[in-house]
Amino acid sequence: MKNSLCFVEEELAGLKRAGISPGPKILSTPQGPKARFEDKEVINLSSNNYLGLTTHPKLKEAAKKAIEQFGTGSGAARNIAGFMTLHKELEDKLAAFKGTEASIVFQTGFSANAGTVSTIIGKEDIIVSDRLNHGSIIDGCRLARAGIKIFSHKDVKEAEKLLKESKGARRILLITDGVFSMDGDIAPLPGLVALANKYKAIMMVDDAHAFGVLGRNGRGTVDHFNLCGQVDIQMGTFSKAIGSFGGYVAGSRALIDYLACKARPILFSTSLPPASIACASAALDILKEQPELIDKLWENTRFFKDSLFKLGFNTGISETPIIPIVVGEEEKAIKSSKRLFQEGVFARAITYPAVPKGEARLRTIISAAHTKEDLTFALNAFEKIGKELRR
Ligand SMILES: *Cc1c(COP(=O)(O)O)cnc(C)c1O
């Protein structure tokens, strides 16, 4: 029996040689613009805490109040006994904010994607998907056991070709990330929506990196492109800009009721605890009441990107606060990330298979909570490291 797991040791050694280690950096402060990782204070350019909400007083207050009133756990799956007034209020509030008939809360963005795709799509169907879509979409596609057709990144023409070939399938799902998590570019949603209409496909958008970032008050990609009412399924997360935890799907009443009856993460996994739900709800109020946070996020993004450009760095095709610094070779990316950390800046190296070979990068993510001084400090470190690495 013991030897049956030998392969993990061998494979682990291979992973370590490739620079993939099991030990993440340990964070001993809240997730903030400055944070302490491995006992070192750094400017944090690696979290998805776009608006700095993880430490917002209103969210903390909402969590405490929810624990006092509702306790620490929901104690059951949504449809058994785990659907509290808090959950109901959040779903209604979110639907109103997104301008959809209804919404449903999942445990994570991951389960929202995997659970939704595999519920609405089956063996008789075809999924047409962008090559760089998130892992949770890919897993959803596999669970659905449908035919999967992949188009080159953002290639609307190729997507059309694949849709044309798919005529005759029972259902077709056209699916894309709204903002792509490794390059920070935005999906060509108007083109894709037109195709979905033409070929009668279901259109689904993953707003994980767009909710709280793009569109009026952070309503997301659909709002950004003025396509309200034209996208069937909008999925998102409360775990990034929203500063809490959990995932959601927003859409028509019938779609949401269908998912409520059939999606397996809803049926077979406990609903979110009161504190997370209350934080998400408080964060939605902040999006409505403090849009200046989002303005600050974009101001910081422009400043950082322009400055990197002036320093001669390649920020790829980024259009959002996700700003990659593409360095090419894996080793160079890993080495620069280590050197930056020594200089007090945390920017993760992203290597194959998260990005194609030869496109290794440092990925930086800007937050509204960064001060000009934080960003200038980081830029100085980049300048120093850039010089050292070029030598
Ligand atoms: C993070 C992410 C998810 C998963 O969301 P979680 O709430 O963290 O599970 C899904 N899609 C994309 C594009 C993401 O970046």
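**Close-up 1. Pairing of strands β7 and β8 around D206 and M235.** In this predicted model, D206 of β7 stands opposite M235 in strand β8. Strand β8 covers residues 233-237, and its pairing with β7 is parallel, with three bridges.

**Close-up 2. Pairing of strands β6 and β7 around T176 and V205.** Strand β6 (residues 172-177) runs parallel to β7, and five bridges join the two strands. One of the residues involved is T176, whose bridge partner in β7 is V205.

**Close-up 3. The β-α-β unit built from β6, α7 and β7.** Helix α7 spans residues 189-198 and forms, together with β6 and β7, a β-α-β unit that is right-handed. The two strands of this unit, β6 and β7, pair in the parallel sense.

**Close-up 4. The surroundings of strand β7.** Strand β7 consists of residues 202-206, and four of these five residues are buried, so the strand is largely enclosed by the rest of the structure. Its pairing partners include β6, over five bridges, and β8, over three bridges.

**Close-up 5. The crossing of helices α4 and α9.** The axes of α4 (residues 109-120) and α9 (residues 253-262) come within 10 Å and cross at roughly 100°. Angles of 65 to 115 degrees count as roughly perpendicular, and the two helices are therefore described as roughly perpendicular to each other. On the α4 side, the contact is made by T116, T119 and I120; on the α9 side, by L255, Y258, L259 and K262. By residue class, the contact comprises four nonpolar, two polar and one charged.

Methods
Residues are numbered from 1 along each chain as its sequence is written. This is a predicted model: local features need pLDDT of at least 70, side-chain atom pairs count only at pLDDT 80 or more; totals for chains, interfaces and linings use all residues. Side-chain values use heavy atoms; hydrogens and water are left out. Buried means under 20% relative accessible area, exposed over 50%, partly exposed in between (1.4 Å probe, protein chains only). Helices (H or I, at least four residues) and strands (E, at least two) are DSSP runs, numbered from the N terminus. Two strands pair if DSSP finds at least two bridges between them. A crossover is right-handed if, with the strands pointing away from the viewer, the path from the first strand over the helix to the second runs clockwise. Axes are lines fitted to C-alpha atoms, for helices over the stretch in contact, and angles run from 0 to 180 degrees between N-to-C directions. Angles under 35 degrees count as roughly parallel, over 145 as roughly antiparallel, 65 to 115 as roughly perpendicular and the rest as oblique. Contact means heavy atoms within 4.5 Å. Ala, Val, Leu, Ile, Met, Phe, Trp, Tyr, Cys and Pro count as nonpolar, Asp, Glu, Lys and Arg as charged, and the others, Gly among them, as polar.
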